[in-house]
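Good morning, colleagues. Please have the viewer open, as I will go through a few packing details one at a time.

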Amino acid sequence: MRILVLNGSPKKKSDTFRLTDAFLKGLNRVGEHEVYIVNVIDKKIAPCRGCFGCWQLEDGHCVIPDDQNAILDMYRDADVIIWSFPLYCYGMPSHLKAVLDRTIPLISMKMEVVDGRTRHVPVTDFSRLHTVVICGCGFPNYEHNFEGLDLQLKNSFGNLTTVYVPETPLLNIPEARPLAVQKAACFERAGKAYVAGGFSLEPALLEEMQALMIPKEDYLQHVNQMA
């Protein structure tokens with residue numbers, strides 16, 4: 001199985017990617033899978049120009065000669081794509097959003113209606129592709145913070161598993177190390193369970209992955225004391 005990881009954090013060792021790395025360890029515990037990690041911040045990826053030159057060429061590539069075309073090649077060949085990123089202004093960081101915007105070469109101008117929703121016809125077989133999104137944030141809860149992102153993801157991807165993790169700054173605070181170890185262990189179990197469960201996670205395990213590490217009130221107090 002080929003796994004493409006798009007690390008959308010501007011920091012390679014980000015809070016969110018610590019959890020993604022643990023998930024990968026569980027997923028690839030037996031070492032049978034090919035894992036490709038792309039640190040998007042290190043790549044040259046321009047914004048989409050909206051020129052639709054890709055629809056004229058119809059070769060699955062973008063007309064802009066930068067690093068995006070290599071990502072598109074990996075995208076088409078992947079069995080699982082993991083989007084890992086921190087929440088920025090209730091959405092993806094801009095450099096990662098550019099990657100998503102420029103997946104247009106993987107669809108055509110033609111449209112179809114599927115389950116009541118109009119969409120462009122894919123030129124790649126996305127039915128076999130599974131998508132995992134792991135997104136962390138500095139808020140002490142995920143209600144009312146991930147709704148906009150969640151809608152975008154559901155409209156963009158099929159076979160989707162989303163994991164929204166609050167309080168991720170605790171993962172790099174020395175005093176909270178026991179909590180970080182416990183959370184990472186949970187994500188490693190989840191990685192193993194994701195494959196064993198047929199590319200899905202049980203609700204109870206997903207709830208554990210997204211659970212607060214400390215009570216909301218305590219988290220707010222600590223943050224406000226440092227502000």
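At what angle do helix α1 and α6 pack, and how far apart are their axes? Before I answer, please note that this is a predicted model. Helix α1, residues 15–27, packs against α6 at an angle of about 40°, and the two axes are 6 Å apart. That angle makes α1 oblique to α6. The crossing of the two helices is right-handed. On the α1 side, the residues in contact are L19, A22, F23, K25, G26 and L27. They meet K183, A184, F187, E188, A190, G191, K192, Y194 and V195 in α6.

From L27 I turn to H33. H33 lies in the loop between α1 and β2. Its relative accessibility is 16%, and since the cut-off for buried is under 20%, H33 counts as buried. Leaving out residues up to four places away in sequence, H33 touches M1, I3, L27 and N28. By contrast, the C-alpha atoms of H33 and L201 are separated by 19 Å, with their positions 168 residues apart along the chain.

The next element is helix α3, residues 68–77. Which of its residues are buried? They are Q68, N69, I71, L72 and Y75. Viewed down the axis of α3, these buried residues fall within an arc of 155°, so they line one face of the helix. The general background is that an α-helix has 3.6 residues a turn, so residues three or four places apart point the same way. The cover over the buried residues of α3 includes the strands β1 (2–7), β2 (34–39) and β3 (80–86), together with helix α4 (94–101).

I now come to T168, in the loop between β7 (160–165) and α6 (177–196). Is T168 buried or exposed? T168 is buried, with a relative accessible area of 4%. Its side chain reaches the backbone oxygen of C137 at 3.1 Å. Not counting residues up to four places away in sequence, T168 touches D15, L19, G136, C137, G138 and M213. L19 is also among the α1 residues that meet α6.

G138 leads to the last residue, Y219, which is found in helix α8, residues 216–226. Y219 is buried as well, with a relative accessible area of 5%. Y219 and G138 are 81 residues apart in sequence, and their C-alpha atoms are 9.8 Å apart in space. Beyond its neighbours within four places in sequence, Y219 is in contact with G138, F139, P140, E167, P169, L170 and I214. G138 is thus touched by Y219 and by T168.

Terms used. Residues numbered from 1 in each chain as written. Predicted model: local features only at pLDDT ≥ 70, side-chain atom pairs only at ≥ 80, totals over all residues. Heavy atoms only, no water. Buried < 20%, exposed > 50% of the residue type's maximum accessible area, 1.4 Å probe, protein only. Helix = DSSP H or I, 4+ residues; strand = E, 2+ residues; numbered from the N terminus. Arc of directions from axis to C-beta. Contact = heavy atoms within 4.5 Å. Polar contact = N/O pair within 3.5 Å; in protein donor to acceptor, adjacent residues only side chain to side chain. Axes fitted to C-alpha atoms, helices over the stretch in contact; angles between N-to-C directions. Parallel < 35°, antiparallel > 145°, perpendicular 65-115°, else oblique. Left-handed = near helix turned anticlockwise from the far one by under 90°.
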